[in-house]
Amino acid sequence: MISVLVVLAISLLVPLYIHIQPAVLPDPTSLPHGGLIPSTVERVANITGGESLLYYKGDIVTGELTGYLTGFSPTTLEITWRVKCPGECRILGVREYQGDIVGVNLHGTLFRFSEGKFQWLTSLETFKERPGFLNDIVIVGDMAYFTDSFISRDPALSMFQKFYSLTPDGRILTYNLTSGTSAVLTSNLVTPNGIAVTPDNTTLLVSEGALYRITRVCIKTGEVVGHLPGPSLGSVDNIRRSGTGEYWFGLSAGRTTTRTLHDVQSVLPTLRSLTTTTSLLKWIFPLYTRIFAEPARVYKTDNSGNLMLVLEVPTADTRA
């Protein structure tokens with residue numbers, strides 16, 4: 001009975017603590033050239049869990065958590081084609097390579113999509129320590145760099161428990177698309193998510209979402225060489241660099257201007273232990289999100305590195 005009361009008390013007090021302790025994040029109105037554009041947001045119907053976006057042969061392509069690779073018109077927003085990948089597949093990051101699409105399957109494999117067909121490039125046995133959550137990808141030359149948010153963990157744990165544990169076992173993996181060789185470039189990251197590369201192809205930018213930072217990694221050595229300067233935006237999901245050198249960041253709802261469960265876990269070890277070893281997190285986090293969630297936002301940098309708020313979507317979940 002006492003344990004039930006303790007859990008109930010925590011579930012009520014944690015959202016309140018989160019709400020009254022704001023994180024130190026930028027006021028959108030104070031950002032250089034800040035503004036909300038456009039004022040309305042059009043939606044593509046019937047896409048489930050679309051993660052990253054890719055402009056490909058005149059269409060916008062997204063990978064769906066249902067395992068579909070889907071293309072839609074950038075003008076009409078109507079779906080023009082859709083192909084289901086075989087087996088257990090949840091598609092996250094996608095990039096173009098030599099006229100084909102290369103992407104990551106959340107469950108731990110890399111694929112290539114060519115002429116309407118899927119080809120698996122890696123298997124679950126490719127890496128000594130099995131990937132737990134492949135998230136995003138960038139391609140430089142013939143080398144694919146992709147994020148593994150955490151090494152495969154206890155299957156009894158929920159996805160929330162795995163992703164928000166703050167355990168530094170995330171990695172950047174590599175796969176040579178010509179030779180087929182693979183390697184671990186960087187280890188000891190905390191839930192690495194989005195990944196992009198600098199214009200000179202020397203540095204990877206990786207979002208460590210649970211730590212509210214963009215980490216800079218040397219592409220040759222895998223060494224962490226710093227973090228993107230400027231104020232924390234919150235928990236960045238994907239990162240994309242435009243053809244003009246700007247970086248775009250997608251922030252999911254509930255991860256922006258108020259203190260999130262990530263922060264609480266980092267300062268309250270007891271709560272962190274509870275939320276990562278019990279089912280408590282399953283219903284605390286949704287409760288917090290419903291009561292205190294912020295709108296999803298999209299930021300970008302200009303060529304001087306200044307931040308710009310370009311889009312705000314109420315009650316949405318924004319990727320990139």
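Buried means under 20% relative accessible area, exposed means over 50%, and partly exposed lies in between. That scale recurs throughout this briefing on a predicted model. The protein has 320 residues, and buried residues make up 52% of them. It holds 5 helices and 20 strands. The topics below are the overall figures, the salt bridges, the nonpolar core, the aromatic rings and one polar contact.

**Overall figures**

- The accessible surface of the protein comes to about 14,900 Å². Carbon and sulfur atoms account for 56% of that surface.
- Take the contacts between residues at least 6 apart in sequence. Of these, 51% join residues at least 24 apart.

**Salt bridges**

- Side chains of opposite charge can pair when their charged atoms come close.
- The structure holds 5 salt bridges. Three of them are described here, beginning with Glu64 and Arg82.
- In the bridge between Glu64 and Arg82, the closest N and O atoms are 2.7 Å apart. Glu64 sits in the loop between strand E2 (59–63) and strand E3 (68–72), while Arg82 belongs to strand E4 (residues 79–84), so the pair ties together parts that are 18 residues apart in sequence.
- Glu64 has a relative accessible area of 1%, so it is buried. Arg82 has 35%, which is over the 20% limit for buried and under the 50% limit for exposed, so it is partly exposed.
- Asp148 and Arg171 meet through their side chains in a salt bridge of 2.8 Å, N to O. This pair links distant parts of the chain. Asp148 is in strand E10 (residues 143–148) and Arg171 is in strand E11 (residues 170–176), 23 residues apart.
- Both ends of that bridge count as buried: Asp148 at 0% relative accessibility, and Arg171 at 3%.
- Arg213 and Glu208 also form a salt bridge between their side chains, at 2.9 Å from N to O. Arg213 is partly exposed, with a relative accessible area of 34%. Glu208 counts as buried, at 1% relative accessibility.

**Nonpolar core**

- In soluble globular proteins, nonpolar side chains tend to be buried together.
- The largest nonpolar core here has 18 residues. Val102, Leu110, Ile137, Phe146 and Leu177 touch the most other members.
- Several strands give two or more residues to this core: E5 (91–97), E6 (100–105), E9 (134–140), E10 and E11. The largest share, 3 residues, comes from E9.
- Leu110 shows how the core is joined up. Leaving aside its neighbours within four places in sequence, Leu110 is in contact with residues including Val102, Ile137 and Phe146. Its other contacts outside that range include Gly103, Val104, Trp120, Leu121, Ala144 and Tyr175.

**Aromatic rings**

- A pair of aromatic rings is described by the distance of the centres and the angle of the planes.
- A search of the whole structure finds 6 aromatic pairs.
- The ring centres of Phe127 and Phe146 lie 6.2 Å apart with the planes at 70°, so this pair is edge-to-face. The pair links distant parts of the chain, 19 residues apart. Phe127 is in the loop between strand E8 (117–120) and E9, and Phe146 is in strand E10.
- Phe127 counts as buried, at 7% relative accessibility. Phe146 is buried too, with a relative accessible area of 0%.
- The rings of Phe133 and Phe150 have their centres 5.6 Å apart and their planes at 50°, so this pair is tilted. Phe133 lies in the loop between E8 and E9, and Phe150 lies in the loop between E10 and H2, so the pair ties together parts that are 17 residues apart in sequence. Phe133 and Phe150 are both buried.
- One aromatic cluster is formed by Trp81, Phe111, Phe113, Phe118 and Trp120.

**A polar contact at Ser149**

- Ser149 lies in the loop between E10 and helix H2 (159–163). Ser149 is buried, with a relative accessible area of 0%.
- The side chains of Ser149 and Asn135 are joined by a polar contact of 2.9 Å.

Note on methods: Residues are numbered from 1 along each chain as its sequence is written. This is a predicted model: local features need pLDDT of at least 70, side-chain atom pairs count only at pLDDT 80 or more; totals for chains, interfaces and linings use all residues. Side-chain values use heavy atoms; hydrogens and water are left out. A salt bridge is a side-chain nitrogen of Lys or Arg within 4 Å of a carboxyl oxygen of Asp or Glu. Helices (H or I, at least four residues) and strands (E, at least two) are DSSP runs, numbered from the N terminus. Buried means under 20% relative accessible area, exposed over 50%, partly exposed in between (1.4 Å probe, protein chains only). A nonpolar core is a set of buried Ala, Val, Leu, Ile, Met, Phe, Trp, Tyr and Cys residues joined through side-chain atoms within 4.5 Å. Contact means heavy atoms within 4.5 Å. Accessible areas come from the Shrake-Rupley method with a 1.4 Å probe; for residues, only the protein chains shown count as cover. A polar contact is a pair of N or O atoms within 3.5 Å; within protein, one must be able to donate a hydrogen and the other to accept it, and residues adjacent in sequence count only if both atoms are side-chain atoms. Rings of Phe, Tyr and Trp (its six-membered ring) pair if their centres lie within 6.5 Å; planes under 30 degrees apart count as stacked, over 60 as edge-to-face and the rest as tilted.
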